[in-house]
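Reader: I have a chain on my screen and would like to go through some of its residues with you, if you have a moment.
Author: Gladly; let us bring it up and start.

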Amino acid sequence: MAQKLLSSTLTKTLHIALFLLIAMFGLQAYGQSVLLPGDVVVVSVDTDTPSIDFIPLIDIERGTTIFFSDGRWNDSLEVLNGNEIKFTFEESITAGTSLHIDNAGGLNFERGAHHLFVYQKEQKAHRFIFGMGWGKGNIWNTKDGSDIPLSLKENPGTILTLGEEPNQQYYIRNGASGTRSMLLSFVGEPLNWRGNEGNSFQIFGTSFNLMKSPVVQFKNSISSVSESDSVAILNIAIYEHDGARASVDVVFDSLRSIASPDHFSGFDSKTINFTGLIGDYNYQMKIPISANNNSYDGFKAGIFKLQNLTYGDFGDFSSHNLIIEDDEQPEIFISKVSNGADRAGSVEIKNSEQALVSIEGWTLSAKDLVFKFDSDAVLMPGESIQWFDTAELPSATVNEHVVSSNLKKRLLDNGGGILTLKNSDGKIIHQVSYSKIRSAESGQTKNAELFVNNYTDMGAEEVSGNLNKNVTTAMGLVNSGWRVLPNWSDIKEEFSDKDFYTWNEKQQSFQKLNENSTVDETNSVIFGHFEENEIEQLTNRTEQLLKKQASDDNLTFTVSGTDRNENQVLDGLEGLNLVYNTLDKGIRIENFLNVAKSEYPELPLGSAIYEINQSASGELNFRQLENDQIIPPKTSFWVMLEYPYAKTKLSLGKDEFNDGIDLSNNLSNKEDIDGVLELTLQSGAQEEVVKVNFSDEKVLTRSKDLSSYPELFLPDQSFLNFSFKQGSDYYDLITLSSESEQRIELPIHFSSSESGQITFSVTEWDQLPADWEVILQDLKTNKEYTLRRDFSVTLEHVFTTSKVNKEIREIFSVDQNRDEERFAVTLVPPQSKAVKDETITDKPRELELHQNYPNPFNPVTTISFYLPQPEDVKLSVFNIVGQPVAVIVEGTLSAGQKQFEWDATDKPSGMYIYQLEVGKTIMTRKMTLVK
């Protein structure tokens, strides 16, 4: 049946697929569906036409009216300013139906940043259903969020932020299957959207299959493990389950798999029982891996299927492709470099393995230029690929094993340099030194061809590119942002209206340079913020200055350790010095520290060296380098002194920095690590990590996280910082003694440029000391979480503005979004758990969760707790990896002592966790089932 749609505000004739305009027939609409956030979603916008595709996620009644607007919402005035079009449905619409509005001429998408809202109106009040934004500039008012209606903020998946191109079409192409909430989550994830500049696509490109609950599927369609792993995890999820009897089989499809059952220890099938589980639940099934060997043989893929579902429907991912990746690095190397004038250079890359190797996502880089190989770059055994440093291939060399750089600038430098091949994980596979172009007797340049050997064995760590210039990718993209530059007067003259800053160790702050200020010539590093239209000019000017600059024979710099607070030690950022590598060669960290300590034994130089990591978007981050990593030539880095020290000029000879240097005072080896706890904080696309290492050593060690210090914050950039805070210092790595008998509390600091959802998760839990408990305290909500392997919790958070370092405020006049004291991690060794004698006091009793009795038990135990007042209560049981096992009681209980029995007849032996949730308080204890 054709569906019909009424438009009452457009003056143009709109071509609306599958609809007739009611106004043309003078028909009257009947009834009205009251729509809530997420009941209607937009699945495409075309700014050129303009046109819109949208899909209702519930059935729409005849007579329902909805509005579309390109305006901006003012939350304080509750006003939506902009163009508006109105549509009324003449006939009922089934949930999941794709609807297309062609030539929506009432909307204006000709600005830089765009908004599109879907809503209903009652008199002047707006009831928002869906919203999205895209384009250049500030899409939303991020300072106070007033552009986003509160109702959309509070409903996940109903507000969407897409790409930066204003005149582009954005769309979800293939659609999805699932319940309303699943589809809303699918639409609200920007990663599921695509861009399509300049070309229209066929309407109704998105199809939704709205399903009734419960829905069972793999969490994703593909995952990978290393062949050295002992186990792989398959995640099978059930959504919106009502607790009824339900089970499904996970079956290995040997006919379609590249891998054999032997690679999975003979795994055939397993039945998963969801009976009794209510709501959403993710079952983690372990598949044993037995595929390790000592030779590179590519990857192996096993296909697993879901079959024999007894209740509910299968979702989109009823099969899963588990890839076993080879943990041996393939023997791929740069076999030849030909450095030619006028972009005539080329590079040959050879596969010496006996297996096919895909180099999709691998990169060739030199200085600040990067080329990325696409999906066609596949090498057969013994095969080579030839890469030309030109935007267009020579006509005689066009074949599947020849590619061109397509870079706007040449990658190979006239003067020679270092060429690096990295895999898709950023790991260095091969690195070579290539020669400069030599002049022939005729005065003409000729190619300098080099059949190469290893330049140096860099190990597995990534070597930073030249940070003094912007990073240009294979697509030639550049962005505005901060740049770190040598203090050349020509640069300041070239950008005379721009402010530059330099780091001052004595003041522990960035100092603004003016006409009268000077920078120590041995530490001549400056920071400047450049807009997108200035980047090309900056790059060209910097390249000219680099060519003029002669490389030094000595690395000369000045350091000092100022005890600013006069407490006889260096803490905070005291003793932090910014150094510039003026040499034409990279320096290994270990060699730099050894040479410096050998030449200046009285210098209290710490073992921590920090790089300045500059992204393509201009954001600056500071990261501690490992001893085997490299300080690239013509780049800046941070060093720290450990004790107060007068300002001193140092000079280290270039020839002393040899990879094979062997000094008597070599640095001690890294401490032995017994266990690792890694915690990750994620906000949008950004994530930061902190670690706790456990060692048999008695001495506590720490690694400072420079990026969390407010003195080093720079404005106008997106950031997320996450660290342990102790006093005035911030750490991203703390090593503890596994023999400790004291409770250890680690307050957590995090700061961000944006509010929104944050996800706190345990991403590594490896061999923690036996019987230690790790507790996360949310001081804002007064909740406690007992951490465990694969723990994750997502929270809404609005960052509050607090005071910033006075000197930074004077320089930048900005506020930073910070939350200093929301979380704390407490580590509890078994020896610290003292038993408290119960005494009678006049103090009112508080909420109590008692140890189960008996414990250990078989198969029935009693769990008791005390409620000081009537409360909503949920008592649950989890297995040791955090998977829900049972809900013992859920509902409102009266005050007083409560006890409940749990029968574990059908449960395996092992340790379990029972959790009591009362209001905002969560309490947990452990119990052991022994059969």
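**Charged pairs and other residues**

Author: D253 is a buried residue, with a relative accessible area of 7%. Please keep in mind throughout that this is a predicted model.

Reader: Which side chain meets D253 in a salt bridge?

Author: The side chain of K305 does, with 3.7 Å from N to O. The two come from distant parts of the chain, since K305 belongs to strand β22 (residues 300-307) and D253 to strand β19 (residues 247-253), 52 residues apart.

Reader: And K305, is that residue buried or partly exposed?

Author: K305 is partly exposed, its relative accessible area being 23%. The cut-off for buried is under 20%, so K305 falls outside that class.

Reader: Which residues make up the salt-bridge network around here?

Author: The network of salt bridges links D253, R256 and K305.

Reader: How many salt bridges are counted?

Author: The count comes to 12 salt bridges. One of them joins R180 and D39, whose closest N and O atoms are 3.0 Å apart. R180 sits in helix α2 (residues 180-187), while D39 is in the loop between β1 (5-7) and β2 (40-46), so this pair ties together parts that lie 141 residues apart in sequence.

Reader: What are the accessibilities of R180 and D39?

Author: R180 is partly exposed at 27% relative accessible area, whereas D39 counts as buried at 6%.

Reader: What about R72, which partner does its side chain meet?

Author: R72 meets D147 in a salt bridge, at 2.9 Å from N to O. Here R72 lies in strand β5 (residues 72-74) and D147 in the loop between β10 (125-135) and α1 (150-153), so the pair ties together parts 75 residues apart in sequence. R72 counts as partly exposed, with 33% relative accessibility, and D147 is buried, with a relative accessible area of 8%.

Reader: Changing topic, where do residues of negative charge gather on the surface?

Author: There is a surface patch of negative charge in which E164, E165, E531 and E532 gather. If you want to look at one of these, E532 is found in helix α4, which covers residues 532-548, and E532 is partly exposed, with 46% relative accessible area.

Reader: Let me move on to V639; where is that residue, and is it buried or exposed?

Author: V639 is part of strand β46, residues 636-641, and it counts as buried, with only 1% relative accessibility.

Reader: Which residues does V639 touch, apart from those up to four places away in sequence?

Author: With those set aside, V639 touches V559, G575, L576, N577, V579, F592, L605, A608 and I609. In addition, the C-alpha atoms of V639 and L578 are separated by 6.6 Å, although the two residues are 61 apart along the chain.

Reader: One more, please: where does T390 lie, and what is it in contact with?

Author: T390 lies in a loop, the one between β31 (384-388) and β32 (402-404). Beyond its neighbours within four places in sequence, T390 is in contact with R343, S404, S405 and N406.

Reader: Why does T390 count as buried?

Author: T390 has 16% relative accessibility, and the cut-off for buried is under 20%, so this loop residue is placed in the buried class.

Terms used. Residues are numbered from 1 along each chain as its sequence is written. This is a predicted model: local features need pLDDT of at least 70, side-chain atom pairs count only at pLDDT 80 or more; totals for chains, interfaces and linings use all residues. Side-chain values use heavy atoms; hydrogens and water are left out. Patches are made of residues with over 30% relative accessible area and no salt bridge: like charges are joined within 9 Å, nonpolar side chains (Val, Leu, Ile, Met, Phe, Trp, Tyr) within 5 Å. Accessible areas come from the Shrake-Rupley method with a 1.4 Å probe; for residues, only the protein chains shown count as cover. A salt bridge is a side-chain nitrogen of Lys or Arg within 4 Å of a carboxyl oxygen of Asp or Glu. Lys and Arg count as positive and Asp and Glu as negative; His and the chain ends are not counted. The place of a charge is taken as NZ of Lys, CZ of Arg, CG of Asp or CD of Glu. Helices (H or I, at least four residues) and strands (E, at least two) are DSSP runs, numbered from the N terminus. Buried means under 20% relative accessible area, exposed over 50%, partly exposed in between (1.4 Å probe, protein chains only). Contact means heavy atoms within 4.5 Å.
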